[in-house]
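Reader: I'd like a close look at one part of this model, and I'm happy to read a long answer. Here is what I'm looking at.

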Protein chains: 2
Amino acid sequence: MAKHVTGAEAGGTVGEGDGATPGRLVPIGEAAERAGVSARTLRWYEELGLLVPSGHSSGGARRYDDADVARIVHIRELQSLLGFDLGEIRDILRGEDDLVGLRNEYRSRSDGTRRREILLEASSINDKLRSVVASKQQRLAGMLATLEEKQARYGKLLAELEGETAAAEPGAGR
Amino acid sequence: MAKHVTGAEAGGTVGEGDGATPGRLVPIGEAAERAGVSARTLRWYEELGLLVPSGHSSGGARRYDDADVARIVHIRELQSLLGFDLGEIRDILRGEDDLVGLRNEYRSRSDGTRRREILLEASSINDKLRSVVASKQQRLAGMLATLEEKQARYGKLLAELEGETAAAEPGAGR
DNA sequence: TTGATTCCTGACGTTGACGTAAACTAGGGC
DNA sequence: GCCCTAGTTTACGTCAACGTCAGGAATCAA
């Protein structure tokens with residue numbers, strides 16, 4: 001409901017002839033391809049409030065910049081790596097966005113008490129995700145350990161067998 | 001299509017009065033509760049071929065043993081921790097089941113060549129999953145590292161601020 | 001200017017992983 | 001035997017996360 005501000009230049013300074021190649025604003029197809037998702041997925045993410053393209057063409061077509069693409073990749077990581085659903089991811093991204101706002105306020109304010117508050121909140125936001133990732137990583141590490149242990153046993157048994165067959169083999173080349 | 005062999009005792013030696021308390025065969029409700037899932041989920045897993053209860057009552061009701069419950073928990077781990085869908089999990093479990101079969105053949109055979117083959121296949125099966133887990137764990141570790149780094153920065157900034165406010169505070173107790 | 005692509009907005013379809021309701025049966029306590 | 005809870009199958013419902021199609025407008029190379 002807050003999209004389509006009045007047509008064009010909705011995403012701040014577009015500067016068509018200003019930005020160099022790296023800072024290009026690309027259409028949805030290219031952004032999708034770069035991030036390894038479909039265009040439909042990007043529209044869906046937008047509908048859910050996960051990502052608003054940072055610009056639009058004069059005709060109203062979505063334009064994504066590098067940060068947008070990075071955000072998409074980030075969303076995918078949160079999804080596939082951590083198993084969050086898109087609702088949870090929305091909340092996480094909000095937290096991260098808030099964090100950016102806090103960072104700006106932090107820099108522009110010299111009020112010590114307020115700065116402390118900001119740091120505490122930022123730390124809390126960050127720590128929530130950290131603990132989730134940590135626990136998941138822990139469990140995965142445990143799983144990995146048992147798998148590697150097994151793998152080592154197979155290797156050991158194979159080595160023993162190599163010795164046996166080598167000993168039992170009649171025409172051993174060496 | 002291969003279930004319901006002919007009614008009862010389809011799950012091998014049931015031995016109702018034989019097993020002690022730990023080896024009990026429990027009905028679906030209890031098994032579900034123990035594993036933290038719903039009864040529907042267990043029937044669904046069975047339909048997909050993920051898990052056949054190791055016994056049935058004379059009337060045809062499912063009976064699960066401890067290994068079954070462990071298998072359910074395992075399925076859930078593969079699902080939530082590694083993000084596999086139930087089809088992939090079916091394949092993985094098949095591999096693991098094959099592995100048990102191979103283990104038995106390994107023990108009953110003394111044929112060196114065959115033993116080598118078995119070890120190689122087992123090792124391969126095991127290694128496939130291991131590599132997936134390893135890569136996931138790697139990526140998670142990376143994510144965790146950056147989060148912890150951030151957390152450390154917040155902590156440092158907070159500590160600095162503590163010093164400042166303590167110094168600026170008029171009635172400082174110390 | 002003109003096609004050929006690409007993008008737009010609906011809107012309906014699909015897939016996975018179950019939830020839920022209905023109608024019926026099994027099993028254990030009194 | 002009776003009753004109540006828990007189990008059975010069958011079938012339709014649901015929710016997330018998109019896929020896909022229709023009809024029209026925008027963009028771009030020629």
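In what order do the elements of chain A run from the N terminus on? Once that's clear, please walk me through the part where the two chains touch, and then the surfaces near the DNA strands.

Author: Sure thing. Keep in mind that this is a predicted model. Reading from the N terminus on, the elements of chain A go β-α-α-β-β-α-α-α, and that comes to five helices and three strands. Of the 174 residues in chain A, 18% count as buried. Among the contacts in chain A with a separation of 6 or more, 56% link residues 24 or more positions apart.

Now to the part where the chains touch. Chain A puts 33 residues into the contact, and chain B puts in 33 residues. On the chain B side, helix H5 (residues 112-168) has the largest share, with 30 residues. By class, that side of chain B splits into 16 nonpolar, eight polar and nine charged residues.

The symmetry is worth a look too. A turn of 180° with a shift of 0.0 Å along the axis lays chain B on chain A with an RMSD of 0.1 Å. The two copies are therefore related as by a two-fold rotation axis. If you want a landmark in chain B, take Gln137(B): its C-alpha is the nearest to the axis, at 3.0 Å. Both copies use the same surface, as 100% of the contact residues of chain B recur in chain A.

On to the DNA. Around strand C there are 20 residues, and the ones that come nearest are Pro27(A), Gly29(A), Gly59(B), Asp85(B) and Leu86(B). Chain A brings helices H1 (28-35) and H2 (39-47) to this surface, while chain B brings helices H2 (39-47) and H4 (86-108), each of them supplying at least two residues. Sorted by class, the surface near strand C holds seven nonpolar, eight polar and five charged residues.

For DNA strand D, 20 residues surround the strand, with Ser57(A), Gly59(A), Asp85(A), Leu86(A) and Gly29(B) the closest. Here H2 and helix H4 (86-108) come from chain A, and helix H1 (28-35) and H2 come from chain B, again with at least two residues from each. The class split for the surface near strand D is seven nonpolar, eight polar and five charged.

Conventions
Residues numbered from 1 in each chain as written. Chains lettered and ligands numbered in written order. Predicted model: local features only at pLDDT ≥ 70, side-chain atom pairs only at ≥ 80, totals over all residues. Near = placed C-beta within 6 Å. Helix = DSSP H or I, 4+ residues; strand = E, 2+ residues; numbered from the N terminus. Nonpolar A, V, L, I, M, F, W, Y, C, P; charged D, E, K, R; others polar. Contact = placed C-beta atoms within 7 Å. Least-squares fit on C-alpha atoms with pLDDT ≥ 70 in both. Buried ≥ 20, exposed ≤ 12 C-beta atoms within 10 Å, placed from the backbone.
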